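Please find below some remarks on the model under review, set out as numbered points. They begin with the cysteines and then turn to the strands, the loops and the annotated domain.

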Amino acid sequence: MTEATSCGGVVIYRGKILLLYKNYKNKYEGWVLPKGTVEAGESHEETALREVKEESSVKGRIMKYIGKSQYTFNVPGDVICKDVHWYLMMSQNYSSRPQREEYFEDSGYYKFHEAYHLLKFSNERQILEKAYDEYLNLKHNDLWK
């Protein structure tokens, strides 16, 4: 078993959540949150900000650490156990552009209930719930600026 670490962001603008639609050779298809692998010398925060920017062209600002999710997947001859550290991020506008080189075909901002039902993976839905609760709390306390 090989362990790996990724970081990602739940990016919100005016109450709506950024999602990416990935279609990898018609084998892997679905809506996801932006995330990616930590590179040498990078902090988790730097990775999350870089991955959001690379995958969606969105320049996010970290508001709060949300938590960690875990999942495993098989590759030939190995099982990968991945930890993903998630951050709640603010965007400055609705503009986004999917990274075609990584097989992202679409991106956009969705209301919470839409995003929740669009997301492909249950662990990302759980992170979205946690992040959205934090967003509402920050907004209620006038800290979402």
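1. A disulfide is taken here as a pair of cysteine sulfur atoms within 2.5 Å. The model is a predicted one, and by this rule the count of disulfides comes to zero. C7 takes part in no disulfide, the nearest cysteine sulfur being that of C81, at 15 Å.

2. Why does C81 form no bond of this kind? The closest cysteine sulfur to that of C81 belongs to C7 and lies 15 Å away, which is too far for a bond. With regard to solvent, C7 counts as buried because its relative accessibility is 0%, the cut-off for that class being under 20%. C81, with a relative accessibility of 18%, also counts as buried.

3. The pairing of β5 (61-75) with β6 (residues 78-90) deserves attention: the two strands run in the antiparallel sense and are joined over 13 bridges. As one point of register, Y71 has K82 in β6 as its bridge partner. The two strands form a hairpin with two residues between them. In the turn, G77 adopts a positive phi of about 80°.

4. Two further backbone angles should be checked by the authors. Most residues other than glycine have a negative phi. S57, which is not a glycine, nevertheless has a positive phi of about 65°; S57 is situated in the loop between α1 and β5. D142 likewise is a residue other than glycine with a positive phi, near 55°, and is placed in the segment after α3 (122-140).

5. Where does E42 lie, and what does its side chain touch? E42 is located in the loop that connects β4 (35-37) to α1 (44-56). Its side chain makes a polar contact of 2.7 Å with the side chain of T47. When neighbours within four places in sequence are left aside, the residues in contact with E42 are T37, T47 and R50.

6. On the annotation, the UniProt record is an unreviewed entry, and it assigns "domain: Nudix hydrolase" to residues 3-133. Over residues 3-133 the chain is 24% helix and 48% strand. The C-alpha atoms at the two ends of this range are 30 Å apart. Since such annotations may be inferred rather than shown by experiment, the domain label should be quoted as coming from the record.

Definitions and conventions
Residues numbered from 1 in each chain as written. Predicted model: local features only at pLDDT ≥ 70, side-chain atom pairs only at ≥ 80, totals over all residues. Heavy atoms only, no water. Helix = DSSP H or I, 4+ residues; strand = E, 2+ residues; numbered from the N terminus. Polar contact = N/O pair within 3.5 Å; in protein donor to acceptor, adjacent residues only side chain to side chain. Contact = heavy atoms within 4.5 Å. Buried < 20%, exposed > 50% of the residue type's maximum accessible area, 1.4 Å probe, protein only. Pairing = 2+ DSSP bridges.
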